[in-house]
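Here is a small set of exercises to work through with the model open beside you. Try each task before reading its solution.

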Amino acid sequence: MIRWRSKFFHTLLIFSAISLSCLSLYAAMYCSVCKRQITGSYIKSGDKVFCSQSCLDKTLPRCAICGKVCNGGFQKNGKFYCSKPCLEKTLPKCALCGKPFSSGMLFSNNGKDGPVYCAECAAKPKCFACTLPNDCEKLSDGRYICRNCKASAVFNEEQALQIFNDVRKRLYEELGYSTQHNIEFYATDAKNLEAKSKNYSPGQELGLYVCNFTINTVTKTKVGWNLKAEEKTEEYKSNEKFSVYVLYGLPRKKLIEVCGHELAHDWMQENFPKTQDIKLKEGWAEYIATRINDLYEQSEMNKRMEENKDPVYGDGYRMVKDFVKQNGVKNIGQLFRQHEGE
Ligand SMILES: [Zn+2]
Ligand SMILES: [Zn+2]
Ligand SMILES: [Zn+2]
Ligand SMILES: [Zn+2]
Ligand SMILES: [Zn+2]
């Protein structure tokens, strides 16, 4: 943006026809706008003359906001603005304090069309749930939560469990994914979740699915038809224990989504336990989370998965989504079998 001054500022002179009357003897003057012959006082600007202010105004640029004639003012991207208030209407407004700002577009959430913040607001603590800067409250485990997210946050473990059970029921009844596992459910703090999780990356994991079991081996000796003894070793699992951990204080909608995600891990554990590919595992869990969001009429939450640039969560989600689009979700087993042992 440049501050623009009319060249007319410097050259604008009001002449009196009387003082120049001797010149008018030689040549009649005509207004360069209305073409009328000038008789009384006139205005000279550059090498042009105007009969009146209103004729001169017709040659000046107009404010792109209010339409007033710009006798000086500001120029930005080829457009003219009569005043600072008009210019400010073109500037981005801080998503938090609402003030327009011309420098310091420091923060945006999801790349291109995320909210923008002035430098001062961008420096505020970021809410763990929505990841945006705000006037946050600090939770006992050090996380920050904004007022918007806190309004629907679930702090009570019993309440969180009810939501978990409801998501599990709908996942089975409306989408057809279920297991008979006896899942232990915990609403926990960030430190405990981090300790339980092997590949913790802050901001990503709001919940966790854990399956613990003991692998036993038995060696059986079998005497075959040729009277030779054959030894055969078999593995089997025992003491299987299934747990889901979610952070306490998750906004209700987010908690529903996280429950969907973790229950998808449980379904995979039952149906495709050999799957090692973390991209497929997280991709499928994110895909199920979007289906749960749709069921609970909170599909706007799926924008995060759609735009997630993470090579595991984002790319994995898109891989599963593309497969489902081409082959139908009923054939998802093909995708898991393709990736088995990878
Ligand atoms: Zn005129
Ligand atoms: Zn204006
Ligand atoms: Zn601000
Ligand atoms: Zn928030
Ligand atoms: Zn996961």
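**Exercise 1. The three-stranded sheet**

Task: Work out in which order the three strands of the open sheet stand, and which of them are at the edges.

Solution: Begin with the strand order in this predicted model. The three strands make an open sheet in the order β10-β12-β11, with mixed pairing. Next, look at the ends of that order. β10 (183-188) and β11 each have a single partner strand, so each is left with one side that has no neighbour in the sheet. Finally, consider the twist: ignoring direction, neighbouring strands here are turned by 25° against each other on average.

**Exercise 2. Helices on the sheet**

Task: Find which strands α7 and α9 touch, and compare the direction of each helix with that of a strand.

Solution: Take α7 to start with. This helix packs on the sheet and touches β10 and β12. The direction of α7 makes about 135° with that of β10. Now turn to α9, which packs on the sheet with contacts to β10, β11 and β12. Its direction makes about 10° with that of β11.

**Exercise 3. Two hairpins**

Task: Describe how β11 pairs with β12, then do the same for β3 and β4.

Solution: Strand β11 (residues 207-223) and strand β12 (residues 229-247) run antiparallel and are joined by 16 bridges. To check the register, follow individual residues: Thr221 has Glu231 of β12 as its bridge partner, and Lys222 stands opposite Glu230 in β12. Five residues lie between the two strands of this hairpin. In its turn, Leu227 has a positive phi of about 65°.

Move on to strand β3 (residues 42-45) and strand β4 (residues 48-50), which pair in the antiparallel sense over three bridges. Here Ile43 stands opposite Phe50 in β4. Two residues separate the strands of this hairpin, and Gly46 in the turn has a positive phi of about 60°.

**Exercise 4. The zinc site**

Task: Identify the residues that coordinate the zinc ion (ligand 5), and place them in the sequence.

Solution: List the donors: His261 (NE2), His265 (NE2) and Glu282 (OE) coordinate the zinc ion (ligand 5) at 2.0 to 2.1 Å. Along the sequence, these donor residues follow the spacing H-x3-H-x16-E. The pair His265 and Glu282 links distant parts of the chain, with His265 in helix α9 (residues 252-271) and Glu282 in helix α10 (residues 278-295), 17 residues apart. As a last step, check burial: both His265 and Glu282 are buried.

**Exercise 5. Two helices in contact**

Task: Determine how the axes of α7 and α10 are arranged, and which residues make the contact.

Solution: Two numbers are needed, because packed helices are described by the angle between their axes and the distance between the axes. The axes of helix α7 (residues 157-175) and α10 come within 11 Å and cross at roughly 90°. Angles of 65 to 115 degrees count as roughly perpendicular, so α7 and α10 are roughly perpendicular to each other. From α7, the contact involves Val167, Arg170, Leu171, Glu174 and Leu175. From α10, the residues are Ile288, Arg291, Ile292 and Leu295. Sorted by class, the contact has six nonpolar, no polar and three charged residues.

**Exercise 6. Positive phi in loops**

Task: Locate Lys35 and Thr131, and decide whether each is buried, partly exposed or exposed.

Solution: Recall the background: most residues other than glycine have a negative phi. Lys35 has a positive phi near 65°. Its place is in the loop between α2 (21-24) and β3. Exposed means over 50% relative accessible area, so Lys35, at 58%, counts as exposed.

Thr131 likewise has a positive phi, near 65°, and its place is in the loop between α5 (119-122) and β7 (137-138). With 32% relative accessibility, Thr131 counts as partly exposed. To position this residue further, note that Thr131 and Cys146 are 15 residues apart in sequence and 9.3 Å apart in space, C-alpha to C-alpha.

Key. Residues numbered from 1 in each chain as written. Chains lettered and ligands numbered in written order. Predicted model: local features only at pLDDT ≥ 70, side-chain atom pairs only at ≥ 80, totals over all residues. Heavy atoms only, no water. Donors = N, O, S within 2.8 Å, 3.2 Å for Na, K, Ca; no water. Helix = DSSP H or I, 4+ residues; strand = E, 2+ residues; numbered from the N terminus. Buried < 20%, exposed > 50% of the residue type's maximum accessible area, 1.4 Å probe, protein only. Pairing = 2+ DSSP bridges. Axes fitted to C-alpha atoms, helices over the stretch in contact; angles between N-to-C directions. Parallel < 35°, antiparallel > 145°, perpendicular 65-115°, else oblique. Contact = heavy atoms within 4.5 Å. Nonpolar A, V, L, I, M, F, W, Y, C, P; charged D, E, K, R; others polar.
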